[in-house]
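Trainee: Could you take me slowly through the place where the two chains come together, and then through whatever else deserves a look around it? I would like one connected account that I can follow with the model open.

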Number of protein chains: 2
Amino acid sequence: MFGPEISQLLQLLGKLPGVGPRSAKRMALHLLKKRQTLLPQLVTVLQEAQTKVKTCSFCHNLDSIDPCSICSDVKRDKTSLCLVEEVSDLWAMERTHNFRGVYHILGGVLSAIDGIGPEQLNITSLMGRVAREQFQEVILATSATVNGQTTAYYITELLEQYPIRVTRLAYGLPVGGSLDYLDETTISLALQARLPFKQTLP
Amino acid sequence: MFGPEISQLLQLLGKLPGVGPRSAKRMALHLLKKRQTLLPQLVTVLQEAQTKVKTCSFCHNLDSIDPCSICSDVKRDKTSLCLVEEVSDLWAMERTHNFRGVYHILGGVLSAIDGIGPEQLNITSLMGRVAREQFQEVILATSATVNGQTTAYYITELLEQYPIRVTRLAYGLPVGGSLDYLDETTISLALQARLPFKQTLP
């Protein structure tokens with residue numbers, strides 16, 4: 001019903017995360033409909049990304065420059081390091097506009113079941129930076145999952161030999177969240193970490 | 001936080017149907033992670049699609065050859081024409097493996113609200129084929145929406161001057177569908193079109 005070009009396109013688009021056979025079809029037909037406009041633009045942009053984007057040799061962020069725009073920004077506070085799992089987590093932190101330090105991307109979390117040990121993560125480069133640079137605080141911003149917390153615990157142990165303050169993000173109610181829809185553990189932790197009401201006002 | 005290459009990639013991926021900013025981010029990071037494998041493969045496949053895929057000058061299907069593989073297949077019944085809205089509808093029909101005729105793709109439906117009249121659809125080429133080729137039956141497989149049925153009605157009128165049997169797909173219960181979840185109109189139509197039970201057994 002169609003040639004090899006279309007079936008290869010469907011197959012490759014289906015390999016993208018969150019794209020099933022149905023979405024791959026919709027995307028392919030959309031691209032083929034716009035094969036004089038959107039399709040060549042996408043090709044150019046993908047080629048640019050392939051040749052220009054590199055991994056930062058300090059923090060493992062993805063950017064057009066190495067060191068990345070965060071590591072090379074003189075206005076960032078080089079004494080505060082935020083440890084995240086993935087580039088998407090760095091993007092999420094940056095969206096808050098509330099962190100002015102630098103990052104280190106682990107590239108995942110420790111996971112016995114997936115065979116991911118410390119050597120699979122960017123921990124050697126982290127310890128190198130900790131030994132070389134002058135961090136006063138390391139903020140563990142791994143996710144609030146068992147693996148995320150195991151990883152945070154493992155790194156805390158490694159950092160104990162240095163005079164560095166090691167913190168983690170607070171647990172609690174997400175803003176806009178209703179108690180009724182929250183799990184018991186989150187509510188318990190939010191209760192334990194309760195603060196005087198007036199202290200939390202801006 | 002990242003260079004122009006990544007932001008352009010996010011922007012273009014976000015233009016694909018069903019891809020919001022969040023999925024665009026996931027897709028971009030996945031492609032950048034695999035920028036030595038999946039990304040160049042996708043570029044090649046997109047370029048192949050751009051240069052090789054064409055619109056069939058008979059039925060407006062998308063394929064690597066023109067006439068498309070269906071129009072040029074000598075085993076297809078050239079007396080039976082199925083009229084569909086889009087290429088995706090042709091693919092859906094072909095998945096049934098139950099139609100052995102040929103197709104004509106309208107490229108949409110009549111829609112006063114969107115300013116789509118007969119001249120915006122592939123109706124001139126349809127009438128040309130009807131006059132030239134030897135169709136005995138035209139199956140109207142437009143969707144069961146108001147616009148789809150208006151379009152089917154409009155085409156039925158145009159075809160009346162020819163000794164051609166004009167049919168449409170049956171309405172009724174979708175297989176696996178429960179009455180409780182079906183609208184009244186579908187149930188009413190299925191009731192009107194009821195068949196002797198034994199006649200429907202294979």
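Mentor: Before the make-up of any surface is described, the classes need to be fixed: Ala, Val, Leu, Ile, Met, Phe, Trp, Tyr, Cys and Pro count as nonpolar, Asp, Glu, Lys and Arg as charged, and the others, Gly among them, as polar. Please also keep in mind throughout that this is a predicted model.

With those classes in hand, consider the largest pocket, whose lining residues divide into 12 nonpolar, 10 polar and 9 charged. The volume of this pocket is about 790 Å³, and of the 31 residues that line it, the closest to its centre are A:Leu29, B:Glu86, B:Val87, B:Ser88 and B:Asp89. Both chains are therefore represented in that central group, and the elements tell a matching story, since helix 2 (21-33) of chain A and helix 4 of chain B each supply at least two residues of the lining. Helix 4 of chain B provides the largest share of the lining, 7 residues.One of these central residues, B:Glu86, also takes part in a charged pairing. Side chains of opposite charge can pair when their charged atoms come close. Here the side chains of A:Lys33 and B:Glu86 meet in a salt bridge, with 3.5 Å from N to O. The structure holds 10 salt bridges over all chains, and this pair crosses between chains, running from A:Lys33 in helix 2 of chain A to B:Glu86 in the loop between strand 3 (80-84) and helix 4 of chain B. Between chain B and chain A the count is 2 salt bridges, while 10 residue pairs are in polar contact across the two chains, both residues being at pLDDT 80 or more.

On the chain B side of that contact, at least two residues each come from helix 1 (4-13), helix 2 (21-33), helix 3 (38-52), strand 1 (54-55), strand 2 (62-63) and helix 4 (87-95). Helix 3 of chain B gives the most to this side, with 13 residues, and the residues of the side as a whole divide into 28 nonpolar, 12 polar and 13 charged.

Turning to the extent of the contact, 53 residues are taken from chain B and 53 residues from chain A. The area buried between the two chains is about 5,200 Å², and carbon and sulfur atoms give 71% of that area. Of the area that chain B buries against chain A, 16% is supplied by B:Met1, B:Glu5 and B:Trp91, which is more than any other three residues supply.

Some details of the backbone are also worth finding in the model. In chain A, a cis peptide bond joins A:Asp66 and A:Pro67, with omega about 0°, and A:Pro67 lies in the loop between strand 2 (62-63) and strand 3 (80-84) of that chain. In chain B, the peptide bond from B:Asp66 to B:Pro67 is cis, with omega near 0°, and B:Pro67 is placed in the loop between strand 2 and strand 3 of chain B. A:His60, in the loop between strand 1 (54-55) and strand 2 of chain A, has a phi near 70°, a positive value in a residue other than glycine. B:His97 has a phi near 55°, again a positive value in a residue other than glycine, and sits in the loop between helix 4 and strand 4 (102-105) of chain B.

Finally, A:Leu182 is found in the loop between strand 6 (165-168) and helix 7 (184-192) of chain A. Leaving aside residues up to four places away in sequence, A:Leu182 touches A:Leu173, A:Pro174 and A:Ile187.

Notes:
Residues numbered from 1 in each chain as written. Chains lettered and ligands numbered in written order. Heavy atoms only, no water. Contact = heavy atoms within 4.5 Å. Buried area = accessible area lost by both parts, 1.4 Å probe. Salt bridge = Lys/Arg side-chain N within 4 Å of Asp/Glu carboxyl O. Polar contact = N/O pair within 3.5 Å; in protein donor to acceptor, adjacent residues only side chain to side chain. Helix = DSSP H or I, 4+ residues; strand = E, 2+ residues; numbered from the N terminus. 1 Å grid on protein atoms, 1.4 Å probe; cavity = no way out; pocket = protein on both sides within 12 Å on 5 of 7 lines; lining within 4 Å. Points joined across faces, edges and corners; volume = space filled by probe spheres on them.
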